[in-house]
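Here is a walk through one structure, going from a ligand site to a helix and then to a handful of loop residues. Keep the viewer open as you read.

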Amino acid sequence: MIYLDNAATTRMRDEVLDKMLPYMTESYGNPSSGYGLARETKKAIDDARETIRGIIGAEKTSEILFTSSGTESDNTAIKGIMSREGRDREAVTSSYEHHAVLNSFASLEDKGYTVRYLRPNGIGIIEPDLLEQAVTETTSLVSIMYVNNETGSINNIKELSARAHQKGAVFHTDAVQAVGHLNINVKDLGVDMLSASAHKFYGPKGIGFLYVRDGVRYDSLMDGGSQERGKRAGTENVAAIVGMAEALRLAADELEREKIRLKDLKRDLAGRLLREFPCAVINGSVEENMPGILNVSFTGKRNDMMVARLDMEGICVSAGAACTAGTTDHSHVLTAIGLTEERTASAVRFSFGRYNTKKDIDVLMDVLRKVL
Ligand SMILES: *Cc1c(COP(=O)(O)O)cnc(C)c1O
């Protein structure tokens, strides 16, 4: 099998599992209890928080909130900020966000809040000037994703957050596709909140974090015990927290090398597709976008058929985001960047990761020749 869907999820690293295992077996104390066995797990969580704080350049460990997923981080940021605000206050986001963000805002709209949706330009970027025009004195929150999960386009978060702050709005970014893949410093970016998820950087599924700058006030989604300083009740998923921190530490170590390697793989595939298949059109910029993500339309072909045919040949790719697979709607992302119906219906996303090699591209090309 050749796995080319690393933007949907990644295979957990063996080193990460090794770190997690003790917390699923002998080290089982409840971190909130008051004896040695509990202090072990409490310390494991503290250490994990410190590791993550350091890597993303946060000032304090208390700025890192552990959640169950990127989805929960997004929900917490968006609903947590807006639920403290009156219904006369507004939010600004974009039309090509992940559904964790879009549907959080849809739920706020149901409650009476006004949400403005910015459209990305033709290469999948949110233009800062457009954002500046949309943000007013009545805007409480701006949420723009760092890296788009379908096109791999990268937003200028530093510039966008600065424009939002000019009007006094809180700035959140869904950085689920960026953390562990790009060098991230929350201070440098100037963001108030940032979402991440471990399974996108070779960590376990079902664990994420939300960075919340000290002083930013938000409501919690969960009521219960006083875990996470009262901001996220429920006994901590110790093993997953430990695994996420280890995965991020390892990812940060090899990040620069991987960026170059993945970009090479992508360039190679893009070049070969364009040379061999006249129907292939690249969606977005090969050079500017995320190193590991390549979105290609095979005009005249149906992407759901291609995904199924490639699967029969042992190759995993996706047509749009995994979360919307199985529905017949065309990608809201590709539609938002203005692609024609023909291009969106034939778009396939290839996303590379640390286990992919040049050999995989050779095999993929052989299979594509057969399938196309
Ligand atoms: C995967 C993803 C999410 C959701 O994260 P989960 O941990 O799977 O809930 C949110 N936003 C983006 C951009 C993603 O790629």
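## A ligand, a helix and some loops

Let's start with a side-chain pair: Asn 6 and Asn 356 make a polar contact through their side chains, at 3.3 Å. Bear in mind that this is a predicted model.

Asn 6 itself sits in the loop that runs between β1 (2-3) and α1 (14-20). Is Asn 6 buried or exposed? With a relative accessible area of 7%, Asn 6 is buried. Setting aside neighbours within four places in sequence, its contacts are Tyr 202, Ser 351, Phe 352, Gly 353 and Asn 356.

Tyr 202 from that list deserves its own look. Its phi is positive, about 70 degrees, although Tyr 202 is not a glycine. The residue belongs to the loop between β7 (193-197) and β8 (208-212), and it counts as buried at 5% relative accessibility. Glu 228 is another non-glycine residue with a positive phi, about 50 degrees here. You'll find Glu 228 in the loop between β8 and α8 (238-276), and at 9% relative accessibility it counts as buried.

Now for the ligand. There are 13 residues around it, and Thr 71, Asp 174, Gln 177, Ser 197 and Lys 200 come nearest. Sorted by class, that shell holds 2 nonpolar, 8 polar and 3 charged residues. Which element gives the most to the shell? That is α3, with 3 residues. The table lists three polar approaches to oxygen atoms of the ligand.

| Residue | Protein atom | Distance to a ligand oxygen |
|---|---|---|
| Gly 70 | polar backbone atom | 2.8 Å |
| Ser 197 | polar side-chain atom | 2.6 Å |
| Lys 200 | N or O atom in the side chain | 2.7 Å |

Taken alone, the ligand exposes 380 Å², and the protein buries 89% of that.

Helix α3 is worth tracing on its own. It covers residues 70-82, 13 residues in total, and spans 18 Å from its first C-alpha to its last, close to the 18 Å expected at 1.5 Å a residue. Why can α3 be called largely enclosed by the rest of the structure? Because 11 of its 13 residues are buried. Among them are Gly 70, Glu 72, Asp 74, Ile 78 and Met 82. Gly 70, as the table shows, is also the residue with a polar backbone atom 2.8 Å from a ligand oxygen.

Over to Glu 97, in the loop between β3 (90-94) and α4 (99-110). This one counts as buried at 0% relative accessibility. Its side chain makes a polar contact with the side chain of Ser 94, at 2.8 Å. Beyond neighbours within four places in sequence, Glu 97 is in contact with Leu 102, Ser 143, Ile 144, Met 145, Asp 174 and His 332. Asp 174 is a name you've met already, as one of the residues that come nearest to the ligand. How far apart are the C-alpha atoms of Glu 97 and Val 333? They are separated by 7.6 Å, with the two positions 236 residues apart along the chain counted as their spacing.

Thr 299 is a loop residue too, placed between β10 (293-298) and α9 (303-312). With a relative accessible area of 24%, Thr 299 is partly exposed. Its side chain reaches the backbone oxygen of Cys 279 at 2.5 Å. Not counting residues up to four places away in sequence, Thr 299 touches Cys 279, Val 281, Glu 342 and Ser 346. For Glu 342, which is 43 residues away along the chain, the C-alpha separation from Thr 299 is 6.5 Å.

Last stop: Met 306, in helix α9. Its relative accessible area is 3%, so Met 306 is buried. Leaving out residues up to four places away in sequence, Met 306 touches Phe 298, Lys 301, Val 348, Leu 368 and Leu 372. If you want a long ruler across the model, try Met 306 to Arg 84: these residues are 222 apart along the chain, and their C-alpha atoms are separated by 46 Å.

How values were computed: Residues numbered from 1 in each chain as written. Predicted model: local features only at pLDDT ≥ 70, side-chain atom pairs only at ≥ 80, totals over all residues. Heavy atoms only, no water. Helix = DSSP H or I, 4+ residues; strand = E, 2+ residues; numbered from the N terminus. Expected span 1.5 Å × (residues − 1). Buried < 20%, exposed > 50% of the residue type's maximum accessible area, 1.4 Å probe, protein only. Polar contact = N/O pair within 3.5 Å; in protein donor to acceptor, adjacent residues only side chain to side chain. Contact = heavy atoms within 4.5 Å. Near = heavy atom within 4 Å. Areas by Shrake-Rupley, 256 points an atom, 1.4 Å probe, with all protein chains shown as cover. Nonpolar A, V, L, I, M, F, W, Y, C, P; charged D, E, K, R; others polar.
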